[in-house]
Amino acid sequence: VLFAIFIGTQVFPVLYALLFPPLPPLPDNVTQVSHTSADQGLDEWVYKSDQSACTLVAFYAAQGGECQIAAECNPPSSASPAGTRVSTCVGQVKFSGFVMRWQVAITPQFDDKSEFSLSRSTFWSDSVPALTATPTP
C-alpha cells in the first residue's frame, strides 16, 4: 500500500501536467480575440487590452520576461504609434519536470489600448532549446 501511494504521488503530478500544462502569464481585464492550438501545449492567443502597450511590457517584464523594449517605453509612456510593435518578451516556467516557454508581441492601438499575441511552447523534458532569434521590437 505504501509503495502504491509513493508511486501515485510521483506519477499524478506528471500526468496532470501532461493533460493540463500551465497557462502563460496574463494581465487582468483583457479580451481574447482568437486561440489556435497546433498541438498539446503549443498554443497561440490574441488579446485586446484597455491598458497601454508600455503597461503591458512592464507586466511581462515583472513576470520574469526578457524584453526588447522600444524607445517609446524607455521611460514608460503611452505615446507609441498605433500599429507598431513596442516589445517582444520571452519567459519560461518550470513545472513537474517540464518547461513552458511563453512569448508575447505587444502592439499599441488607438486610444491608448493594445493588442498582443501570446504563445506557449511546452517542452516535455527538462532541456529547453535555445531561442533561434532574439526578440525585436
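In which loop is asparagine 29 found? In this predicted model, asparagine 29 is placed in the loop between helix H1 (2–19) and E1. The residue counts as exposed because its relative accessibility is 70%, above the 50% cut-off. Its phi is near 55°, a positive value in a residue other than glycine. A second residue with this feature is aspartate 111, which is not a glycine and has a positive phi of about 60°. Aspartate 111 belongs to the loop between E5 and E6 and, with a relative accessible area of 70%, is exposed. Most residues other than glycine have a negative phi.

The secondary structure of the chain consists of 2 helices and 6 strands. Read from the N terminus, the order of the elements is α-β-β-α-β-β-β-β. Of the 137 residues of the chain, 32% count as buried. The exposed surface of the chain is about 8100 Å², and carbon and sulfur atoms supply 58% of this area. Among contacts between residues at least 6 apart in sequence, 55% join residues at least 24 apart.

Strands E1 (residues 30–39) and E2 (residues 42–49) pair in the antiparallel sense, with 8 bridges between them. Within this pairing, threonine 36 has glutamate 44 of E2 as its bridge partner. The two strands form a hairpin with 2 residues between them. Glycine 41 lies in the turn and has a positive phi of about 85°.

Serine 49 is also part of strand E2. Its relative accessible area is 3%, so serine 49 is buried. The side chain of serine 49 reaches the backbone nitrogen of glutamine 51 at 2.9 Å. Apart from neighbours within four places in sequence, serine 49 is in contact with Asn29, Val30, Leu56, Lys113, Ser114 and Phe116. Asn29, one of these contacts, is the exposed loop residue with positive phi described above.

The largest nonpolar core contains 19 residues, of which Tyr60, Val86, Trp102, Val104, Ile106, Phe116 and Leu118 touch the most other members. At least two residues of this core come from each of E2, helix H2 (53–62), strand E4 (87–95), strand E5 (98–108) and E6. In soluble globular proteins, nonpolar side chains tend to be buried together. For leucine 118, the contacts beyond four places in sequence are Pro24, Pro25, Leu26, Asp43, Glu44, Trp45, Tyr47, Tyr60, Trp102, Gln103 and Val104. Two of the named core residues, Tyr60 and Trp102, are thus included among the contacts of leucine 118.

The aromatic pairs in the model come to 4. In the pair formed by tyrosine 60 and tryptophan 102, the ring centres are 5.3 Å apart and the planes lie at 50°, so the arrangement is tilted. Tyrosine 60 lies in helix H2 and tryptophan 102 in strand E5, so this pair ties together parts that are 42 residues apart in sequence. Both tyrosine 60 and tryptophan 102 are buried. The rings of tyrosine 60 and phenylalanine 116 have centres 6.1 Å apart and planes at 65°, so that pair is edge-to-face. Here tyrosine 60 in helix H2 is linked to phenylalanine 116 in strand E6, and the two are 56 residues apart. Tyrosine 60 counts as buried because its relative accessibility is 0%, and phenylalanine 116 because its value is 1%. Ring pairs join Tyr47, Phe59, Tyr60, Trp102 and Phe116 into a cluster.

Arginine 120 is located in strand E6 (residues 114–123). Its relative accessibility is 7%, so arginine 120 counts as buried. A polar contact of 2.3 Å is formed between the side chains of arginine 120 and aspartate 43. These two residues are 77 residues apart in sequence, while their C-alpha atoms are 5.2 Å apart in space. When residues up to four places away in sequence are not counted, arginine 120 touches Pro21, Pro22, Leu23, Pro24, Gly41, Leu42, Asp43, Trp45, Met100 and Arg101. This set includes Gly41, the glycine in the turn of the hairpin formed by E1 and E2. Pro24, Asp43 and Trp45 are among the residues that arginine 120 touches and are also among the contacts of leucine 118.

Conventions
Residues are numbered from 1 along each chain as its sequence is written. This is a predicted model: local features need pLDDT of at least 70, side-chain atom pairs count only at pLDDT 80 or more; totals for chains, interfaces and linings use all residues. Side-chain values use heavy atoms; hydrogens and water are left out. Helices (H or I, at least four residues) and strands (E, at least two) are DSSP runs, numbered from the N terminus. Buried means under 20% relative accessible area, exposed over 50%, partly exposed in between (1.4 Å probe, protein chains only). Contact means heavy atoms within 4.5 Å. A polar contact is a pair of N or O atoms within 3.5 Å; within protein, one must be able to donate a hydrogen and the other to accept it, and residues adjacent in sequence count only if both atoms are side-chain atoms. Two strands pair if DSSP finds at least two bridges between them. Accessible areas come from the Shrake-Rupley method with a 1.4 Å probe; for residues, only the protein chains shown count as cover. A nonpolar core is a set of buried Ala, Val, Leu, Ile, Met, Phe, Trp, Tyr and Cys residues joined through side-chain atoms within 4.5 Å. Rings of Phe, Tyr and Trp (its six-membered ring) pair if their centres lie within 6.5 Å; planes under 30 degrees apart count as stacked, over 60 as edge-to-face and the rest as tilted.
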